[in-house]
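Subject: Structure for your review

Dear colleague,

Please find below the structure that I would like to hand over to you. My notes on what was found in it follow directly after it.

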Amino acid sequence: MLQPGIGDDNNSGGGSVFNKVMVLSLVFAFAIVITSTFLSIPAMLYIVGLSKQGWSWVHAALFSAMVASTDAVAVSANLKSGGAPELLSALLEGESLFNDASGLVLFDIFLKKLKIMEHRERNNRNALADDVYNGSLDKHTSHPPPAGGGGGDGGWSIDWNLVATELMQLGKDFAWLAGGGAVMGLLFGYITT
């Protein structure tokens, strides 16, 4: 919901200042949240070392989506008191409004991804337990990968097809949630006016 008064502007130039920067605010909000979320995943896993604590990329992405939304209200208040251009203040206010929504969309996507991952792991453990009980453990005792991950590149073995598939699915989920939310908001706004 937009803050009261954000679109109130008595300029004779037609339209409010916020309306002039709304599209740019949307682009900034989504781009900043998505970029900061995806850049913080490898930093959290490998620089901070959370991968050694059992975190997967989905755990890091879920946490990153929670904290990626910035709050530019204090900055815009300082800009207004300092005499900054009104368009810049409106851009920051609009970005702070929309980045919360983009953070919620990403959080929902990664939460669903985490639930799917945990469901698959639970099914794999159950299948292994059944095979142990039935005495058919041979299919699970294949040769372990070489130390370091098995890729001849110092332990970094990346399946780029899997990465591309995951990114495509994340993009579809994001577009569905964000686009669907915008359509529903416009529809209910039209109905209630």
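Two residues are said to be in contact when heavy atoms of theirs lie within 4.5 Å. With neighbours within four places in sequence left aside, Lys-113 is in contact with Trp-57, Val-58, Glu-166, Gln-169 and Leu-170. Please keep in mind throughout that the model is predicted.

**Overall architecture**

The secondary structure consists of five helices and zero strands. Along the sequence, the pattern therefore reads α-α-α-α-α, since helices are taken as DSSP runs numbered from the N terminus. The protein has 193 residues, of which 25% count as buried. If one takes the contacts between residues at least 6 apart in sequence, 68% of them join residues at least 24 apart. The protein exposes about 13,200 Å², and carbon and sulfur atoms supply 64% of that area.

One example of two residues separated in sequence involves Ile-32, which lies in helix α1. Ile-32 and Asn-99 are 67 residues apart in sequence, yet their C-alpha atoms are 7.9 Å apart in space. Ile-32 itself is partly exposed, with a relative accessible area of 37%.

**The nonpolar core**

Which residues have the most contacts inside the largest nonpolar core? This core has 20 residues, and the ones with the most contacts inside it are Ile-41, Ala-60, Leu-106, Ile-109, Phe-110, Leu-114 and Phe-174. Helices α1, α2 (57-67), α4 and α5 each supply at least two residues of the core. Helix α4 gives the most, with six residues. As general background, nonpolar side chains in soluble globular proteins tend to be buried together.

Ala-60 serves as an illustration. When residues up to four places away in sequence are not counted, Ala-60 touches Ile-41, Met-44, Leu-45 and Trp-55.

**Aromatic pairs**

A pair of aromatic rings is described by the distance of the centres and the angle of the planes. The count for this structure comes to four aromatic pairs. In one of them, the rings of Phe-30 and Phe-174 have centres 5.4 Å apart and planes at 85 degrees, so this pair is edge-to-face. Phe-30 belongs to helix α1 (residues 17-47) and Phe-174 to helix α5 (residues 160-192), so the pair ties together parts that are 144 residues apart in sequence. Both Phe-30 and Phe-174 are buried.

Another pair is formed by Phe-38 and Phe-110. Their ring centres are 6.0 Å apart and their planes are at 75 degrees; because planes over 60 degrees apart count as edge-to-face, this pair is edge-to-face as well. Phe-38 lies in helix α1 and Phe-110 in helix α4 (residues 86-134), so the pair ties together parts that are 72 residues apart in sequence.

Are these two rings buried or partly exposed? Phe-38 is partly exposed, with a relative accessible area of 29%, whereas Phe-110 counts as buried at 0% relative accessibility. Ring pairs also link Phe-38, Trp-57 and Phe-110 into a cluster.

**Charged residues**

How many salt bridges does a search of the whole structure find? The search finds two.

One of them joins Asp-108 and Lys-112, whose closest N and O atoms are 3.3 Å apart. Both residues lie in helix α4, four residues apart, which is about one turn of the helix. Asp-108 is partly exposed, with a relative accessible area of 27%, and Lys-112 is partly exposed, with a relative accessible area of 46%.

The other joins Lys-113 and Glu-166, with the closest N and O atoms 3.0 Å apart. Lys-113 lies in helix α4 and Glu-166 in helix α5, so the pair ties together parts that are 53 residues apart in sequence. The side chains of Lys-113 and Glu-166 are also joined by a polar contact of 3.0 Å.

Why does Lys-113 count as buried? Its relative accessible area is 15%, and buried means under 20%, so Lys-113 counts as buried. Glu-166, in turn, is partly exposed, with a relative accessible area of 22%.

With these notes, the structure is now in your hands.

Yours faithfully,
A colleague

Note on methods. Residues are numbered from 1 along each chain as its sequence is written. This is a predicted model: local features need pLDDT of at least 70, side-chain atom pairs count only at pLDDT 80 or more; totals for chains, interfaces and linings use all residues. Side-chain values use heavy atoms; hydrogens and water are left out. Rings of Phe, Tyr and Trp (its six-membered ring) pair if their centres lie within 6.5 Å; planes under 30 degrees apart count as stacked, over 60 as edge-to-face and the rest as tilted. Buried means under 20% relative accessible area, exposed over 50%, partly exposed in between (1.4 Å probe, protein chains only). A nonpolar core is a set of buried Ala, Val, Leu, Ile, Met, Phe, Trp, Tyr and Cys residues joined through side-chain atoms within 4.5 Å. A polar contact is a pair of N or O atoms within 3.5 Å; within protein, one must be able to donate a hydrogen and the other to accept it, and residues adjacent in sequence count only if both atoms are side-chain atoms. A salt bridge is a side-chain nitrogen of Lys or Arg within 4 Å of a carboxyl oxygen of Asp or Glu. Accessible areas come from the Shrake-Rupley method with a 1.4 Å probe; for residues, only the protein chains shown count as cover.
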